[in-house]
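Student: I have the model open and would like to go through it piece by piece. Can we start right away?

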Number of protein chains: 2
Amino acid sequence: MTAEAPPTAQTQVTAQAPAPKAAGRLPVALDAVGGDHGAAPNVDGAVQAARSGVSVLLVGDRVKLHAELGKHEGSSRLPIEVVDAPDVIGMEEHASDVRSRTGASINVCTRLVKEGRAAAAVSMGHSGATMASALLTLGRIRGVDRPAILTHLPAQGGFTTLLDAGANADVKAAYLAQWARLATVYLRVLEDREDPTVGLLSIGEEDHKGSALVVEAHGLLRALHGQGINFYGNVEGRDIFRSTTDIVVTDGFTGNVVLKLAEGEAKVLLGWVKEALNSNVKSKLGGLLVRDSLRGLAERMDPSTYGASILIGVRGLAFIGHGSADARAVKNAVLRAARAHEANLVQRLEAAFQAST
Amino acid sequence: MTAEAPPTAQTQVTAQAPAPKAAGRLPVALDAVGGDHGAAPNVDGAVQAARSGVSVLLVGDRVKLHAELGKHEGSSRLPIEVVDAPDVIGMEEHASDVRSRTGASINVCTRLVKEGRAAAAVSMGHSGATMASALLTLGRIRGVDRPAILTHLPAQGGFTTLLDAGANADVKAAYLAQWARLATVYLRVLEDREDPTVGLLSIGEEDHKGSALVVEAHGLLRALHGQGINFYGNVEGRDIFRSTTDIVVTDGFTGNVVLKLAEGEAKVLLGWVKEALNSNVKSKLGGLLVRDSLRGLAERMDPSTYGASILIGVRGLAFIGHGSADARAVKNAVLRAARAHEANLVQRLEAAFQAST
């Protein structure tokens with residue numbers, strides 16, 4: 001990875017700093033009833049985002065949302081509007097339900113984007129439903145066979161961009177090559193990385209190592225090197241945290257396992273560190289002294305820093321967050337969505353694929 | 001995972017405690033010139049293992065090995081013998097070279113096992129060559145299509161047993177079912193776990209979630225539940241460190257990514273903890289107080305605790321370690337190999353597969 005600004009710092013700055021002006025800009029449509037904790041963290045996050053100058057459409061049961069908004073002092077003066085959606089796809093329901101339940105909050109969000117009334121759709125609700133709704137309503141960018149979930153993992157050099165993090169369990173080699181191009185444009189447009197490096201996740205650094213799929217993808221990526229992507233070659237599991245490359249492409253099965261393992265391991269390890277600091281009187285005393293320093297580390301590992309992951313490759317902006325997202329995650333997701341709109345990300349992606357096909 | 005003795009403790013105890021007597025037992029054949037650091041850590045580890053009562057055949061260049069042995073005082077009185085092997089397959093060479101280079105140290109090791117002159121072959125050298133040599137020389141257990149690398153990852157409940165950690169990048173659903181059975185017998189015989197739980201690595205807990213391969217494997221494992229394995233269902237990446245199940249089965253591509261990611265993340269995270277403890281005077285002072293407690297944690301994460309991974313499913317014992325293995329890893333690998341021989345692991349595996357086919 002080419003040298004970067006410090007990790008959390010960069011994300012924080014880019015997420016918070018030049019917030020688009022509300023006036024004349026499209027609002028972000030937030031699926032405000034989605035997620036494990038319902039409306040509360042969504043509305044709280046929306047209020048925080050609105051205070052930073054981003055206008056938000058809160059989509060969901062209007063009575064519930066107005067009640068929740070009423071808890072935030074001065075919220076009536078913020079650029080927040082409630083859009084009624086009578087239905088919501090619950091976390092335990094089927095993603096395919098989006099086809100028939102047109103009044104579901106996520107469908108209302110993606111339609112607002114489709115109709116040019118919202119900059120982006122953001123949901124902490126049912127991931128599969130969000131993907132399905134975005135795909136059905138917005139369609140794909142020409143030249144992209146399958147949209148992918150693009151996410152960021154904390155790493156030595158700041159963060160590593162990983163895709164697909166779970167949209168496609170079974171893939172073709174061509175998808176991986178398309179994802180490498182999508183992620184390259186994404187980092188260029190949203191993170192100011194001029195020529196990000198791309199690694200292909202495999203089980204050996206040598207070109208011929210890996211599954212049949214990976215060996216085929218290696219050939220496609222090698223051919224694209226210099227023509228829109230900066231292909232580094234194969235990378236291994238250990239390279240993700242080492243920041244060997246800016247981008248790591250893999251199938252959605254492996255990518256989802258990587259994402260969940262990385263988060264799970266961080267949680268367990270930090271728990272063990274806390275345990276060790278409480279194991280005896282001497283450690284407890286030391287623990288008090290190191291507490292502040294370790295807090296920064298925990299924050300660095302916190303998925304809510306990144307807010308949500310973009311479903312990249314659809315013709316419109318759609319962001320998918322953790323069901324367990326807190327207000328900070330919601331706010332960061334809304335700000336990130338506004339920035340992507342501001343930067344004309346979708347148009348830039350379309351142009352990149354048009355130029356080469 | 002059913003409740004266990006504390007993690008490192010258990011492994012340590014089982015690895016070190018009832019060491020088989022040297023007399024009347026077969027020695028362990030160690031590929032003593034394999035690995036990133038050549039003979040030194042191998043001979044050192046062999047000396048430590050021999051001091052615990054396990055006899056060792058040091059296989060490799062006899063002049064080099066005798067010279068290395070000479071550095072260890074009293075080594076001439078230990079149950080260690082040097083077996084000359086003029087050739088060694090280097091870390092950068094091709095695994096397929098084992099076919100023609102019969103004098104290579106790893107081939108000598110597996111032949112010693114085949115001829116009943118050694119209990120097991122252990123190598124920290126070229127993993128691919130070790131697998132190929134073991135497979136070619138020893139063959140497969142009847143009923144096993146593809147041997148797998150079985151490894152242990154530190155986890156909340158002690159450790160999680162993962163396979164395949166990299167022997168087979170492209171697999172069939174039937175392999176996963178066979179590996180679940182092999183791992184079950186392994187834990188029963190070597191770790192005293194009566195009825196270990198088996199999880200199938202996927203990207204959702206629901207039965208129908210995952211790749212086409214995983215959905216098919218789920219059906220096979222479900223059918224085996226109660227007939228030799230204790231199938232829990234699908235598990236996700238986060239479950240590996242949470243110890244949701246004793247065993248996690250997956251294809252060798254995903255398993256290898258998981259193993260290397262887990263090790264790489266632990267290294268980076270512990271590095272960040274150290275950095276945080278050095279970030280200012282207050283933290284430095286605290287760091288001194290917590291140092292001992294954190295050392296235990298670092299040891300818990302150290303792959304050398306487990307020594308080496310078994311190539312399970314071949315008709316004979318073969319263990320594959322890290323190229324970077326230190327003497328402690330070599331010693332633990334040799335002790336583990338001796339224990340597996342002592343417990344008649346291969347015969348027990350064969351019996352389990354015979355009973356059901």
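Student: What follows α4(B), and what is the sign of its phi?
Tutor: In this predicted model, α4(B) is followed by G116(B), whose phi is positive, near 75°. Helices here are DSSP runs of H or I with at least four residues, strands are runs of E with at least two, and both are numbered from the N terminus.

Student: How is everything numbered, and what was filtered?
Tutor: Residues are numbered from 1 along each chain as its sequence is written, while chains are lettered from A and ligands numbered from 1 in the order in which they are written. As the model is predicted, local features need pLDDT of at least 70 and side-chain atom pairs count only at pLDDT 80 or more, whereas totals for chains, interfaces and linings use all residues, and side-chain values use heavy atoms, with hydrogens and water left out.

Student: Back to α4(B): how many of its residues are buried?
Tutor: The count is 8 of the 10 residues, so α4(B) is largely enclosed by the rest of the structure; buried means under 20% relative accessible area, exposed over 50%, and partly exposed in between, with a 1.4 Å probe and protein chains only. The buried residues are S105(B), I106(B), N107(B), V108(B), C109(B), T110(B), L112(B) and V113(B).

Student: What do they pack against?
Tutor: The buried residues of α4(B) pack against β1 (28-31), β2, β3, β4 (121-123) and α5 of chain B, where contact means heavy atoms within 4.5 Å.

Student: How do α4(B) and α5(B) cross?
Tutor: The axes of α4 (residues 105-114) and α5 (residues 127-138) of chain B come within 9 Å and cross at roughly 35°; the axes are lines fitted to C-alpha atoms, for helices over the stretch in contact, and angles run from 0 to 180 degrees between N-to-C directions. The crossing of α4(B) and α5(B) is right-handed, meaning that the near helix is turned clockwise from the far one by less than a right angle.

Student: Which residues make that contact?
Tutor: From α4(B) they are I106(B), N107(B), T110(B), R111(B), V113(B) and K114(B), and from α5(B) they are A129(B), T130(B), S133(B), A134(B), T137(B) and L138(B). By class, the contact has 5 nonpolar, 5 polar and 2 charged residues, with Ala, Val, Leu, Ile, Met, Phe, Trp, Tyr, Cys and Pro counted as nonpolar, Asp, Glu, Lys and Arg as charged, and the others, Gly among them, as polar.

Student: Now the sheet. What is the strand order in chain B?
Tutor: In chain B, 11 strands form an open sheet in the order β3-β2-β1-β4-β11-β10-β5-β6-β9-β7-β8, with mixed pairing; two strands pair if DSSP finds at least two bridges between them. At the edges stand β3 (80-84) and β8 (230-235) of chain B, each with a single partner strand, so one side of each is left without a neighbour in the sheet. The twist averages 30° from one strand to the next.

Student: And which way do β5 and β10 of chain B run?
Tutor: Strands β5 (residues 148-155) and β10 (residues 309-312) of chain B run antiparallel and are joined by 3 bridges, with I312(B) in β10(B) as the bridge partner of A148(B). Helix α3 (residues 62-70) of chain B packs on the sheet, touching β2 (56-60) and β3, and its direction makes about 160° with that of β3(B). Helix α9 (residues 252-277) of chain B also packs on the sheet, touching β5, β6 (158-163) and β7 (197-201), and its direction makes about 35° with that of β5(B).

Student: Over in chain A, how much of β2 is buried?
Tutor: In strand β2 (residues 56-60) of chain A, 5 of the 5 residues are buried, so it is largely enclosed by the rest of the structure. V56(A), L58(A) and G60(A) cover one side, and L57(A) and V59(A) the other. Strand β1 (residues 28-31) of chain A runs parallel to β2(A), joined by 4 bridges, and D31(A) has V59(A) as its bridge partner there.

Student: H72(A) looks odd to me; is it buried or exposed?
Tutor: At 17% relative accessibility, H72(A) counts as buried. H72(A) lies in the loop between α3 (62-70) and β3 (80-84) of chain A and, leaving aside its neighbours within four places in sequence, is in contact with V43(A), D44(A) and V47(A).

Student: Last one: what rotation superposes chain B on chain A?
Tutor: A rotation of 180° with 0.0 Å of shift along its axis does so, at an RMSD of 0.0 Å, where copies are superposed by least squares on the C-alpha atoms of residues with pLDDT of at least 70 in both. That is the relation of a two-fold axis.
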